[in-house]
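Me: I have a chain open and want to talk it through. Can you take some short questions?

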Amino acid sequence: MSACGCADNGQAMTNLILSVLMLAGAALLAGGIYMLRKGINRKQGWLMLVAAAVMFANVGIWTIPTPQSNQSLAPQSGD
């Protein structure tokens, strides 16, 4: 077990990547809404909202358990 309490560095990296994706998605969501409401650049605002939805969908795909194994695609930590 490493210093972070994770089973291996792969799990720590997966957690970091998923966390960064969620933060980036939240920033894109907020920025897209801001741009749409202010009318600054509506096309770019819509693209930001679509990019945020794609990021949230990717995190969902990696964390929702698969039907066959009842485990998510992301590696699990050894508790």
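Reply: Below are answers on the fold, one helix and a surface patch, all for a predicted model.

Me: How many helices and strands does the chain have?

Reply: There are 2 helices and 0 strands.

Me: What share of the residues is buried?

Reply: Of the 79 residues in the chain, 22% are buried.

Me: And the exposed area, how much of that comes from carbon and sulfur?

Reply: Carbon and sulfur atoms supply 65% of the roughly 5700 Å² that the chain exposes.

Me: Moving to H1. What is its reach from first C-alpha to last?

Reply: H1 spans 43 Å over 30 residues, close to the 44 Å expected at 1.5 Å a residue.

Me: Which of its residues are buried?

Reply: In H1 those are Gln 11, Thr 14, Leu 18, Gly 25, Gly 31, Gly 32, Met 35 and Leu 36. Their cover includes helix H2, residues 42-63.

Me: What happens just after H1?

Reply: Gly 39 takes a positive phi there, about 70 degrees.

Me: New topic, the surface. Which residues make the nonpolar patch?

Reply: Met 13, Leu 16, Ile 17 and Val 20 make a patch of about 370 Å². Ile 17 sits in H1, which runs over residues 9-38.

Me: Is Ile 17 buried, exposed or in between, and why can it count towards a patch?

Reply: Ile 17 is partly exposed, at 44% relative accessible area. Patch residues need over 30%, so Ile 17 at 44% passes that cut-off.

Me: Last one, on contacts. What fraction is long in sequence terms?

Reply: Taking contacts between residues at least 6 apart in sequence, 42% join residues at least 24 apart.

Note on methods:
Residues numbered from 1 in each chain as written. Predicted model: local features only at pLDDT ≥ 70, side-chain atom pairs only at ≥ 80, totals over all residues. Heavy atoms only, no water. Patch = residues over 30% accessible without salt bridge, like charges linked within 9 Å, V, L, I, M, F, W, Y side chains within 5 Å. Areas by Shrake-Rupley, 256 points an atom, 1.4 Å probe, with all protein chains shown as cover. Salt bridge = Lys/Arg side-chain N within 4 Å of Asp/Glu carboxyl O. Helix = DSSP H or I, 4+ residues; strand = E, 2+ residues; numbered from the N terminus. Buried < 20%, exposed > 50% of the residue type's maximum accessible area, 1.4 Å probe, protein only. Contact = heavy atoms within 4.5 Å. Expected span 1.5 Å × (residues − 1).
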